[in-house]
Amino acid sequence: MKVDNSSFEYLITNLPADKYDIGQLKLLYWIRWKIETSIQHLKKVIGAEAFHCRSLVNVSHELLARLVKYNFCSAVSAIAIRNIGNKKGKKHLHQVNFSLAIKKCHDFLCQKESEKPINIVRIIEKFTLPVRNGRKFERKKQFQKPMTFLYRH
């Protein structure tokens, strides 16, 4: 399919050519691309790019545990953002530093009964970042080192 005057893009599909024209294929590709990038983001956030298990059952257990942790962290982060939004004197809206929130939620879920209980919402509230609209500079992307199996507790 022609993208612009000087470039083409090839799509390989098993959809019947007589049912779908180029415009419909472009729309389906655009919808599918949003889904693919969302799934890729979720895989990166929950750490589903590498598993510690080999059997299918254990991999599915590990994946479900990571999804539960992600959902728990999302819920706690939403409460933290709501609490910050209720405070007066804030110049900007705030967002959660989700990478740090995942780590803090992991620590919270793995704490021992003998340890003093922590208020996870208050901790995440401390690590929010202001959302400043209209920024003019691009943020520099940092190289992320590959994760090894040595980080396990």
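## Surface patch and helix α1

L27, W30, I31, I35 and I39 together form a nonpolar patch on the surface, and their combined accessible area is about 480 Å². The model in which this patch appears is a predicted one. One member of the patch, I39, lies in helix α1. I39 has a relative accessible area of 44%, and it is classed as partly exposed because that value falls between the 20% limit for buried and the 50% limit for exposed. An α-helix has 3.6 residues a turn, so residues three or four places apart point the same way.

Helix α1 covers residues 22–46, which is 25 residues. At 1.5 Å a residue, the helix should span 36 Å, and the C-alpha atoms at its ends are 36 Å apart, so the expected and computed lengths agree. After α1 comes G47, a residue with a positive phi, near 75°.

## Chain overview

The chain contains 4 helices and 2 strands. Along the sequence, these elements follow the order α-α-β-α-α-β.

Of the 153 residues in the chain, 14% are buried. The chain exposes about 13300 Å², and carbon and sulfur atoms supply 58% of that area. Among contacts with a separation of 6 or more, 57% join residues that are 24 or more positions apart.

## Nonpolar core

Which residues form the largest nonpolar core? This core has 10 residues: C73, V76, A80, V96, A101, I102, C105, I120, V121 and I124. At least two of its residues come from each of three helices, namely α2 (56–86), α3 (98–109) and α4 (120–126).

I124 is one of the core residues. Leaving aside residues up to four places away in sequence, I124 touches V76, S77, A80, V96, A101 and C105. Of these partners, V76, A80, V96, A101 and C105 are also listed in the core.

## R66 in helix α2

R66 is located in helix α2. Is R66 buried or exposed? The relative accessibility of R66 is 11%, so R66 counts as buried; the cut-off for this class is under 20% relative accessible area.

R66 and H106 are 40 residues apart along the chain, and 9.8 Å separates their C-alpha atoms. Helix α2, which holds R66, also supplies at least two residues of the nonpolar core described above.

Methods. Residues are numbered from 1 along each chain as its sequence is written. This is a predicted model: local features need pLDDT of at least 70, side-chain atom pairs count only at pLDDT 80 or more; totals for chains, interfaces and linings use all residues. Side-chain values use heavy atoms; hydrogens and water are left out. The expected span of a helix is 1.5 Å times one less than its number of residues. Patches are made of residues with over 30% relative accessible area and no salt bridge: like charges are joined within 9 Å, nonpolar side chains (Val, Leu, Ile, Met, Phe, Trp, Tyr) within 5 Å. Accessible areas come from the Shrake-Rupley method with a 1.4 Å probe; for residues, only the protein chains shown count as cover. A salt bridge is a side-chain nitrogen of Lys or Arg within 4 Å of a carboxyl oxygen of Asp or Glu. Buried means under 20% relative accessible area, exposed over 50%, partly exposed in between (1.4 Å probe, protein chains only). A nonpolar core is a set of buried Ala, Val, Leu, Ile, Met, Phe, Trp, Tyr and Cys residues joined through side-chain atoms within 4.5 Å. Contact means heavy atoms within 4.5 Å.
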